[in-house]
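Please load the model in your viewer and keep the selection panel at hand. The stops below say what to select next and what is there.

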Amino acid sequence: MSAPAEVPDLVASTLDLSRQRGFITSIRNETGRLLATLAASRTGTLAELGTGCGVGSAWLSSGAPKGARVVSAELDPVLAEDVQKIFARTDNVDVIAGDWSTLEQYAPFSLLFVDVREVMESIDVLADLMEPGGMVILDDFVPSAFWPPIVEGRVDTVREQWLTDERFAAVEMLIDVDASLIIATRR
């Protein structure tokens, strides 16, 4: 491990909620540290589509500079309320109860974190939400040594689309031996 084991207090609070809710699919700390690092280079509005227990938003908030805003949408209104309580004293984070399209009103985004596969399929909509130079981080891919990318015997068309779309300069990054993500910057 090339990073300290400790996590920011806000991240720890969201991880606690994740454990209490039995939500085991929160982002990895490696991904979180990358989000915080990328957020530090952004201004304006950063967003997370698919709040879950708020771990991604907490990492974004931990890296975001003063004046940057983080907005996140959670479909489950009870979970959104629990996450809102965690962020109640955090000035730069707003958690909205609703599906991901409720965040369209806050666009354009300078950074957008997406870890919901069905949302990733909406590349045209997501591209329109981004400011020029804005970054989209897509999580939860299984590494593939092939091109086109093959997962479970099938072409991963979502990954292929993001890596070849002319509107983005994109790269897949290995996070661990069994996990990768895509960073796509809007041209």
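Begin by selecting strand β1, residues 45-49, which runs parallel to β4 and is joined to β4 by four bridges; strands here are DSSP runs of E with at least two residues, helices are runs of H or I with at least four residues, and both are numbered from the N terminus. This is a predicted model, in which local features need pLDDT of at least 70 and side-chain atom pairs count only at pLDDT 80 or more, while totals for chains, interfaces and linings use all residues. Residues are numbered from 1 along each chain as its sequence is written, and side-chain values use heavy atoms, with hydrogens and water left out.

Within this pair, pick L49, which stands opposite V114 in β4.

Widen the selection to the open sheet, where seven strands follow the order β3-β2-β1-β4-β5-β9-β8 with mixed pairing, two strands being paired if DSSP finds at least two bridges between them. Its edge strands, β3 and β8 (168-176), each pair on one side only.

Next select α4, which packs on the sheet and touches β2 (69-74) and β3, contact meaning heavy atoms within 4.5 Å. The direction of α4 makes about 165° with that of β3; axes are lines fitted to C-alpha atoms, for helices over the stretch in contact, and angles run from 0 to 180 degrees between N-to-C directions.

Finally, select L60, which touches, among residues more than four places away in sequence, L35, A39, L46, A47, E48, V70, L111 and F113.
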